[in-house]
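I opened this notebook to keep track of what I looked up, one topic at a time. My topics were charges, burial and backbone geometry.

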Amino acid sequence: MPTVQRFLIQDGDRAGKTVELSAFPFTIGRARDCQYVLDFTQISRLHAQCTRDHLNVFIEDMGSTNGTFVNDRRLEPGETYRLRAGDVVSFAQVCSWVFDDPVTTAQIDPVDMPIPGLELDEDAAQVWIAGAPLDPPLSPNQFILLALLVERAGRIVSRDEIVEFVWGPAKDVSDQTIDALVSRLRKRLQDADPAHDYLVTRRGFGLMFQNRT
């Protein structure tokens, strides 16, 4: 059984061959310094690249002229997509690869796999939910509020603490402004992970963050 994540080539004279993702970032394009060279005029010099976070592999279109497609959907330039076993990736619609992921699927019952929760990278101002980056990113105030709540996970954060942390001390911020910020942040998180409520309101006390366990 293979032990590295890989692609299975579906067409052309290399159909049936594999592309092993043994190093990251794994670049794909027409340029000779790419990890995998696709010698077609429709392929951009740096067409796409794969990256990995923990066990997950992501593919990103690098601003290619003719596009990178996943399951027939064209990725936006710079868009990152978390690959799952069986996903079909097409480069400029001239060659197709199928993603094979023995690392995360071998001998694992998907029913028993825990869903990753929320991860926050303050240095990159990036939020990951269920193993995928939140796209588009949160607004600055949404990110600041989430960082405060994550730092104090499991504890109630009062409105006064939110105002001081997000807007600064001695700021006169209305309840409507606070409610609007919390509502927008809650919606972004729920859209990314509808099955879990990350923000819990304790009426009369404040707001609390609870991650997936």
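The entries below follow the order in which I went through the model, which is a predicted one.

**Entry 1: salt bridges**

I began with the charged side chains, since side chains of opposite charge can pair when their charged atoms come close. My search of the whole structure returned 9 salt bridges, and I wrote up some of them.

I looked first at Arg 6 and Asp 100, whose side chains meet in a salt bridge with an N to O distance of 2.8 Å. This pair links distant parts of the chain, for Arg 6 sits in strand S1 (residues 6–9) and Asp 100 in strand S11 (residues 95–100), 94 residues apart. I also checked the accessibility of Arg 6, and with a relative accessible area of 18% it falls under the 20% limit and therefore counts as buried.

I then turned to Asp 175, which forms a salt bridge with Arg 159, the closest N and O atoms being 3.5 Å apart. Here two helices are linked, with Asp 175 in helix H4 (residues 175–192) and Arg 159 in helix H3 (residues 159–166), and the two residues are 16 apart along the chain. Asp 175 is partly exposed at 45% relative accessibility, and Arg 159 is also partly exposed, at 35%. When I followed the pairing further, I found Arg 159, Asp 175 and Asp 179 linked in a network of salt bridges.

The next pair I noted was Arg 212 with Asp 193, a salt bridge in which the closest N and O atoms are 2.8 Å apart. Arg 212 belongs to the segment after strand S16 (206–209), whereas Asp 193 is in the loop between H4 and strand S15 (199–202), so that the pair links parts of the chain 19 residues apart. I recorded Arg 212 as partly exposed, with a relative accessible area of 23%, and Asp 193 as buried, with 5%.

**Entry 2: charges without a partner**

Which side chain of opposite charge is nearest to Glu 60, and how far away is it? I found that Glu 60 is buried yet has no salt bridge, and that the nearest candidate, Arg 73, is 13 Å away. A salt bridge needs a nitrogen and a carboxyl oxygen within 4 Å, and the distance from Glu 60 to Arg 73 is 13 Å. Glu 60 lies in strand S6 (residues 56–61), and, leaving out residues up to four places away in sequence, I listed its contacts as His 47, Ala 48, Gln 49, Gly 78, Glu 79 and Thr 80.

I also looked at charge on the surface, where Asp 121, Glu 122, Asp 123 and Glu 151 form a negative patch. Of these I checked Glu 122 in particular, which is found in the loop between strand S12 (118–121) and strand S13 (126–129) and is exposed, with a relative accessible area of 55%.

**Entry 3: a buried position in strand S6**

I stayed with strand S6 and moved to Ile 59, which counts as buried because its relative accessibility is 0%. Its contacts beyond four places in sequence include Ala 48, Cys 50, Val 70, Leu 75, Leu 83, Val 89 and Phe 91. Thr 80 is also among the contacts of Ile 59, and the C-alpha atoms of these two residues are separated by 5.6 Å although they are 21 residues apart along the chain.

**Entry 4: backbone geometry**

I ended with the backbone, keeping in mind that most residues other than glycine have a negative phi, and most peptide bonds are trans.

Where are the cis peptide bonds that I noted? One runs from Phe 24 to Pro 25, with omega near -5 degrees, and Pro 25 is in the loop between strand S2 (18–20) and strand S3 (26–29). Another joins Asp 135 and Pro 136, with omega about 5 degrees, and Pro 136 is placed in the loop between strand S14 (132–133) and helix H2 (140–151).

I then noted positive phi values in residues other than glycine. Gln 93 has a phi of about 60 degrees; this residue is in the loop between strand S10 (88–91) and S11 and is exposed, with a relative accessible area of 58%. For Ala 125 I noted a phi near 55 degrees, and I placed Ala 125 in the loop between S12 and S13, where it is partly exposed at 42%.

Technical notes
Residues are numbered from 1 along each chain as its sequence is written. This is a predicted model: local features need pLDDT of at least 70, side-chain atom pairs count only at pLDDT 80 or more; totals for chains, interfaces and linings use all residues. Side-chain values use heavy atoms; hydrogens and water are left out. Helices (H or I, at least four residues) and strands (E, at least two) are DSSP runs, numbered from the N terminus. Buried means under 20% relative accessible area, exposed over 50%, partly exposed in between (1.4 Å probe, protein chains only). Lys and Arg count as positive and Asp and Glu as negative; His and the chain ends are not counted. Contact means heavy atoms within 4.5 Å. Patches are made of residues with over 30% relative accessible area and no salt bridge: like charges are joined within 9 Å, nonpolar side chains (Val, Leu, Ile, Met, Phe, Trp, Tyr) within 5 Å. Accessible areas come from the Shrake-Rupley method with a 1.4 Å probe; for residues, only the protein chains shown count as cover. The place of a charge is taken as NZ of Lys, CZ of Arg, CG of Asp or CD of Glu.
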